[in-house]
Amino acid sequence: MPSRRETIRKLLQGAGFLGLGGLTWGAYVDEAKSAELILRPPGAISEEDFVKACVKCGECVIACPYDTLKLAEPGDRKPVGTPFFEPRKIACEMCPDIPCVPVCPSGALDVNLVSSVKEKNKETMLDINTAKMGIAVIDTSTCIAYWGIQCDICYRACPLMDEAIELKYERNERTGKHAFLKPVVNNEVCTGCGLCEHACVTEKSAIKVLPLSIILGKVGSHYIKGWDEDDEKRMEENDVEEDENMDKALDYLNSDWKDIVDE
Amino acid sequence: MNKALKNNKFLILRRIIQISILLLFVGGNYWGWNILRGDLSTAKVLDTFYLSDPYFVIQTFASGFVVAADVLVGALIILLFYALIGGRAFCSWVCPMNIITDSANRLRKILKMYREDVKVPINRNLRYWILGLSIVLSALFGVAAFEAVSPISMLHRGIIFGMGFGWAAILLVFFFDLFVLQNGWCGYVCPLGAFYSLTNKISIFKIKHTVENCTECNKCLIVCPEKPVLAIIGKKSGQITKGECTNCGRCIDVCEDHALKFSFNKYNK
């Protein structure tokens, strides 16, 4: 029978080892799951939930006919075993039947996120154009179209030509007789397929797809589109608390200017 | 030759099954076979239903996500199969890491390091603490914690989909078993094995000992990767009931006295 002192020592030692292991393991896991720049298959739920939900079975990877999707391998510096794609290597070809999404058994890829309701018969149909894998951004300093050299390859590679990427015409003041045809991404339409990034002719692509979480800002409740009924609804979600300085401000506005001077 | 075959019957059978399963998965990814598609985490069988790793699903649940019904049912099938029938057979009949750790053990024998352990102050219950810790960490960090580091997954997924630097983790396990601790990974550390040990209470597929035939040669104790489960050898007849027994059948292979055999039923004499 070990002494009480001995038992307590062993207990503490065990707890210490467990804490040490847990902290090390936890720190690694926390670091390993956060890959902010990862691009997921179409229909992926939010990244935070995706890393929980994905069972790493590779069904989407096997279903992808273009070998676009890959499971992250150790060394890819991405959550190991989860699917992703790199458009500069192989972009998403935007299959109309989206084979990668319905095969997901776990709920990490959600068919509803890549569906739209048909206007004709109110039927819900798969619609790859509603995918939000990322958003393309252009580095205007290395895009040769912005230099004035004629190139519209991203514009033409885009499956939603003239919608997701438009060409903006501008007079080239340098030559005085040419035009700029500058590609501009429409963030609300871009699906993030990356065919533009894949097609870009510069040595390192001047147009790149980045995840929505990186690109999209958040307005907050202070600014509302007064001309847009849907946006006005956001006012109801307003979570700004009654400002305690409001009375002070009103007093100030209502007060005689002489009072202010006296103060 | 015939004797060598007979003395390694279950070993050979296990390797055939382990490698066939991997081959079916590889075919599922590269050649469009649909007998088994996916990997050992979740697999689609015959293009109709899923089988899932219940330990993975529990970690996912702890992380705060309830997976869709397909995977839940798949995990339940596997859980029930091992709990009611196979016991801890996953570890020695399916898990590809078993091939790695058995090789390390084999090399130990060849290098005559077979029973010489560096004194490592850990015991076989460590794995249960790691199992518990993995659930706690999954909940704290919102992701399946063991699956983020599992060398087993890196191995089978590596073979099926692409290895990357996963070989480093596999080598780590191999060296740990070879130089640090005999059967270290499967017998002390692996929480997946711990999970199947815990669920292995009432399974019917078990090893049976007949003490009357035993000559106490101790060959079974030398080869057993989970030595404490063989406590009844030479003492009394009966089934090996400890949950840690992986049903690998090595003890049956090496026994020359017909004192050990597989039994499928508690009541068969």
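The paragraphs below walk through a predicted model, taking two sheets, the helices around them and the largest pocket in turn. Residues are numbered from 1 along each chain as its sequence is written, while chains are lettered from A and ligands numbered from 1 in the order in which they are written. In this predicted model local features need pLDDT of at least 70, side-chain atom pairs count only at pLDDT 80 or more, and totals for chains, interfaces and linings use all residues, with side-chain values resting on heavy atoms and leaving out hydrogens and water.

A good place to begin is the sheet of chain B with the order β1-β2-β3, an open sheet of 3 strands with antiparallel pairing (strands are DSSP runs of E of at least two residues, and helices are runs of H or I of at least four, numbered from the N terminus; two strands pair if DSSP finds at least two bridges between them). Its edges are β1 (36-38) and β3 (49-52) of chain B, each of which has a single partner strand, so one side of each is left without a neighbour in the sheet. Strand β2 (residues 42-45) of chain B is joined to β3(B) by 4 bridges, and Ala43(B) stands opposite Leu51(B) in β3(B).

Two helices lie across this sheet. Helix α2(B) lies across β1 and β2 of chain B at about 65 degrees to β1(B), whereas helix α4 (residues 69-86) of chain B lies across β2 and β3 of chain B at about 60 degrees to β3(B) (axes are lines fitted to C-alpha atoms, for helices over the stretch in contact, and angles run from 0 to 180 degrees between N-to-C directions; contact means heavy atoms within 4.5 Å).

Helix α2 (residues 9-30) of chain B also packs with helix α6 (residues 97-110) of chain B, at an angle of about 140 degrees and with the axes 10 Å apart. The contact is made by Leu11(B), Arg14(B), Arg15(B), Gln18(B) and Ile19(B) of α2(B) and by Asn98(B), Ile99(B) and Asp102(B) of α6(B).

A further open sheet of chain B has 3 strands in the order β5-β4-β6, with antiparallel pairing. Here 2 bridges join strand β4 (residues 206-209) of chain B to β5(B), and His209(B) stands opposite Gly238(B) in β5(B).

Lastly, among the 31 residues that line the largest pocket, the closest to its centre are Phe17(A), Leu18(A), Ile122(B), Leu126(B) and Ile130(B) (a pocket is an open set of points on a 1 Å grid over the protein atoms alone, where a 1.4 Å probe fits, with protein on both sides within 12 Å along at least five of seven lines; lining residues have an atom within 4 Å of a point). The largest share of this lining, 12 residues, comes from α1(A).
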